Amino acid sequence: MNWYLTALKKYATFSGRARRKEFWMFVLFHSLAVLVAGVVDAVLGWGLWLTIVYVLFSFIPTLAVSVRRLHDTDRAGWWLLIGLIPLVGIALFVFDVLEGTSGRNQYGPDPKSA
């Protein structure tokens with residue numbers, strides 16, 4: 001949960017790097033939060049209002065942690081746009097799974113050593 005809160009604290013921080021652990025723990029807790037919001041919406045009969053509000057609230061932090069994760073693999077945040085191309089977007093998953101660049105890169109120091 002700490003990694004999720006860390007990503008939320010860096011709400012719109014697109015600079016720097018994010019470790020694999022930070023990214024994947026954020027994805028895990030974000031997915032769980034969307035699931036819980038969907039269940040609450042279903043139980044209360046609200047349609048998808050709570051889920052939509054949560055997703056809109058978390059859009060910028062999700063984008064920011066994704067960009068920082070790409071920076072850790074020494075790629076620009078613009079690589080996120082390939083996710084819009086069907087099947088080619090699988091490359092983003094591969095980038096997210098790869099280990100980050102060891103040591104300092106153009107986006108900052110290695111977050112593992114910090």
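**Rings and charges in a predicted model**

Biologist: What makes Trp24 partly exposed?

Modeller: Trp24 has a relative accessible area of 31%, and partly exposed means neither buried (under 20%) nor exposed (over 50%), using a 1.4 Å probe and protein chains only, so Trp24 is partly exposed. This is a predicted model, where local features need pLDDT of at least 70 and side-chain atom pairs count only at pLDDT 80 or more, while totals for chains, interfaces and linings use all residues. Residues are numbered from 1 along each chain as its sequence is written, and side-chain values use heavy atoms, leaving out hydrogens and water.

Biologist: Good to know! And Phe23, is that buried or exposed?

Modeller: Phe23 is buried, because its relative accessible area is 6%.

Biologist: Why are the rings of Phe23 and Trp24 called edge-to-face?

Modeller: Rings of Phe, Tyr and Trp (its six-membered ring) pair if their centres lie within 6.5 Å; planes under 30 degrees apart count as stacked, over 60 as edge-to-face and the rest as tilted. For Phe23 and Trp24 the centres are 5.0 Å apart and the planes at 80°, so the pair is edge-to-face.

Biologist: What makes Tyr4 and Phe26 stacked, then?

Modeller: Their ring centres are 5.2 Å apart with planes at 20°, so that pair is stacked. Tyr4 and Phe26 are both buried.

Biologist: How do you know that Asp72 and Arg17 form a salt bridge?

Modeller: The term asks for a side-chain nitrogen of Lys or Arg within 4 Å of a carboxyl oxygen of Asp or Glu. In the bridge between Asp72 and Arg17, the closest N and O atoms are 2.8 Å apart. Asp72 is buried as well, because its relative accessibility is 4%.
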